Each structure stands twice: as structure tokens, then as C-alpha cells.
Amino acid sequence: MNGAELSELPDESEQLRAFVSRLRQAADEAGGGPAGPPLSDGFLLKFLRARDFDVELSLKLLLNYLRWRRDSPEISSCLSPSSVLGLLHMSYHAVLPQRDHAGSRVLIYRIGQWNTKDWSPYQVFRVSLMTSEIISMETETQRRGLKAIFDLQGWSLGHALQINPSLAKKISCVLSDSFPLKVRGIHLVNEPRFFRPVFAMIRPFLPEKIKQRIHMHGADFHSDLRHFFHPHVLPPEYGGHGPGIDEACQDWTNQLLHFEHILSQIAAHPTGDICSCPDEPLIRKEVHSE
């Protein structure tokens with residue numbers, strides 16, 4: 001079986017156990033095993049699916065993930081939705097209830113809702129990390145990946161000044177080779193001219209395949225987005241027929257708060273079994289696009 005076929009098998013499949021054992025052994029030999037709880041099967045499967053069951057590539061991704069978390073405690077050590085509730089209540093971020101036609105999760109970030117006087121870039125980035133940790137527990141998302149829409153309406157010089165080369169590198173690492181999620185597409189809308197210097201700072205750190213999946217749509221984006229997403233997936237504000245963006249943001253905020261205990265476990269011991277991890281779908285209102 002090839003990697004894509006293996007990915008379709010359920011977590012409990014006998015055929016996956018050999019790959020899990022090989023990756024665990026390779027991580028132990030590479031010194032990637034944690035000092036705390038052992039590497040759980042569920043944790044290892046995330047990395048195997050992210051790299052189509054290539055054990056060598058999965059090991060590289062796993063070690064990068066552990067290194068990134070170790071080197072970025074200002075972001076990874078606190079995964080509490082309550083700590084950024086004010087930002088979430090500004091309708092900054094949503095995971096849409098419908099997947100796209102390929103089964104990918106669709107995320108929206110509304111950068112203009114970020115008040116730089118109230119929230120540091122590390123707190124803002126932490127929202128993305130919390131969402132990524134939650135959706136990476138979904139088997140379907142491990143298989144189908146995610147697509148993100150960044151709405152840059154309201155982007156200002158104040159936002160640009162928050163992004164330094166160090167933070168740009170941390171962001172690019174998560175997008176490319178330090179997190180067990182397949183990034184299937186990145187869509188920028190309402191991007192102003194002075195966003196380009198920030199993007200130019202991030203771009204060199206991205207692998208070529210990610211660069212090819214970045215689409216800039218400008219202010220006249222509604223018709224463009226429909227080439228990539230079914231209208232039933234998108235909120236009306238983005239040319240679709242789905243729930244409004246404020247409703248979608250509030251629903252996802254409620255979901256993050258629901259998973260606060262799980263996120264605290266991940267922050268403390270990301271490699272272990274997560275207690276009380278819900279069955280899929282994680283989002284109770286999730287429906288699939290036709």
C-alpha cells in the first residue's frame with residue numbers, strides 16, 4: 001500500500017502498527033523521546049499521516065516540532081483560550097463548520113481585528129497554534145489538511161512593525177516543516193501594498209511547494225475565492241452562503257473554550273495520550289461540502 005492508502009486506514013489498523021513502532025524506535029534513537037510521558041500512538045500517527053507514512057520524513061517533522069516547541073516557549077507554553085478571549089471575541093478567527101470539496105479544514109484569520117496595543121504578536125500566533133493542535137487530532141484533517149484565508153483588511157503600519165525576522169521565521173516553520181498538518185492552500189484577501197515587505201520577510205523561509213500554494217486575491221476577491229471554495233463553505237462576507245463570519249468566529253471560540261483542558265494537557269505534555277479527547281467531528285456542527 002502507498003502512503004495515501006495507508007492514511008485512509010483507521011488508527012487501530014494492524015497495518016499501521018509497524019509504522020508507529022518504527023517511528024517510535026527512530027525517535028528514541030535520535031534522542032527525540034521526551035523526558036515525560038512516552039510518545040503515544042495517536043501522537044506519532046499525526047506525523048506519519050502528515051508525511052504519507054515515510055518514516056524518515058515523519059521523524060524529521062517530529063524532531064522539528066519538538067525543537068520548535070522547545071525554542072518557542074513564549075508561544076507554546078501557554079495554550080489557554082481564556083488568556084486571549086478578548087481577541088477571540090473580536091471575531092478574529094474561525095474554523096468554518098464545513099470542509100471544502102477535498103475534505104480540507106477551512107480557517108479564516110481577520111488580521112484587522114487584531115489591536116496591536118492590546119495583544120502582542122506572540123499572543124496572536126498562539127491562537128493559531130491552539131487551533132492547529134485541536135484540528136490535528138482529527139483523523140480526517142490529518143488526511144485532508146487545511147486551507148487558510150487571511151483577510152488583511154485593516155492591516156496597518158502598526159501590524160507590520162510587530163513582525164520581526166525572528167517571528168517571521170517561527171511562523172514560516174509552522175507553515176512548512178514543524179507542525180503535523182498538510183497546508184493545502186493559503187489565500188490572502190484585501191492585502192494592502194505595504195503588506196508586501198512583511199510577506200517578503202516570510203517568503204524566503206518557505207519551501208517551494210508552499211510558495212506555489214499561496215494565492216493573492218486583492219480587494220476584488222469574491223469571484224476568485226469561488227474558484228477554490230464552494231459557496232456553501234464560505235461566509236457571505238467572503239462570497240458564500242454559509243454562516244456569517246461573526247457566527248462562525250463565535251462558534252469556534254466556544255469550541256476552543258470547550259477544549260481548554262485538552263489544550264493545557266498538550267501544552268504540558270504534547271507527546272502523550274490526551275485524556276477526554278472527543279471523537280470526531282471535534283466541531284459539533286461540522287458538515288461536509290457536497
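# A walk through the sheet and its neighbours

Let's start with a pair of strands: β1 and β3 run antiparallel to each other, joined by 3 bridges. One of the facing pairs here is H93, which stands opposite Y109 in β3. Keep in mind that this is a predicted model.

Now stay with β3 and look to its other partner. Strand β4, residues 146-151, runs parallel to β3, and 6 bridges join the two. Here R110 stands opposite D151 in β4. Step across once more and you reach strand β5, residues 183-189, which pairs with β4 in the parallel sense, again over 6 bridges. D151 turns up here too, standing opposite V189 in β5.

Put together, these belong to an open sheet of 5 strands, in the order β1-β3-β4-β5-β6, with mixed pairing. At the edges stand β1 and β6 (214-218); each has a single partner strand, so one side of each has no neighbour in the sheet. From one strand to the next, the twist averages 15 degrees.

How much of β3 is buried? The count is 6 of the 6 residues, so the strand is largely enclosed by the rest of the structure. Both of its faces are covered: R105, L107 and Y109 are buried on one side, and V106, I108 and R110 are buried on the other.

So what packs around here? Helix α7 packs on the sheet, where it touches β1, β3 and β4. The direction of α7 makes about 170 degrees with that of β3. Then there is α14, which lies across β1 and β3 and runs at about 80 degrees to β1.

Helix α14 deserves a longer look. It covers residues 245-258, 14 residues in total, and reaches 20 Å from its first C-alpha to its last, close to the 20 Å expected at 1.5 Å a residue. Its buried residues are I245, A248, C249, W252, T253, Q255 and L256. If you look down the axis of α14, these buried residues fall within an arc of 160 degrees, so they line one face of the helix. The general rule behind such patterns is that an α-helix has 3.6 residues a turn, so residues three or four places apart point the same way. And what covers the buried residues of α14? The cover includes α6 (85-88), β1 (93-95), β3 (105-110), α7 (121-135) and α15 (260-268).

Next, a few single residues worth finding. H222 sits in helix α13, residues 222-225. With a relative accessibility of 30%, H222 counts as partly exposed. Leaving aside residues up to four places away in sequence, H222 touches E237, Y238 and G239. With E237 there is a polar contact: the backbone oxygen of E237 lies 3.1 Å from a polar atom of the H222 side chain. E208, on the other hand, is 14 residues from H222 along the chain, and their C-alpha atoms are separated by 27 Å.

Finally, two loop residues have a backbone quirk. D52 has a positive phi of about 50 degrees although it is not a glycine, and N190 has one of about 60 degrees, again without being a glycine. D52 lies in the loop between α3 (41-50) and α4 (55-71), while N190 lies in the loop between β5 and α11 (196-202). Are they buried or partly exposed? At 38% relative accessibility, D52 counts as partly exposed, whereas N190 is buried, with a relative accessible area of 18%.

Conventions. Residues numbered from 1 in each chain as written. Predicted model: local features only at pLDDT ≥ 70, side-chain atom pairs only at ≥ 80, totals over all residues. Heavy atoms only, no water. Helix = DSSP H or I, 4+ residues; strand = E, 2+ residues; numbered from the N terminus. Expected span 1.5 Å × (residues − 1). Buried < 20%, exposed > 50% of the residue type's maximum accessible area, 1.4 Å probe, protein only. Arc of directions from axis to C-beta. Contact = heavy atoms within 4.5 Å. Polar contact = N/O pair within 3.5 Å; in protein donor to acceptor, adjacent residues only side chain to side chain. Pairing = 2+ DSSP bridges. Axes fitted to C-alpha atoms, helices over the stretch in contact; angles between N-to-C directions.
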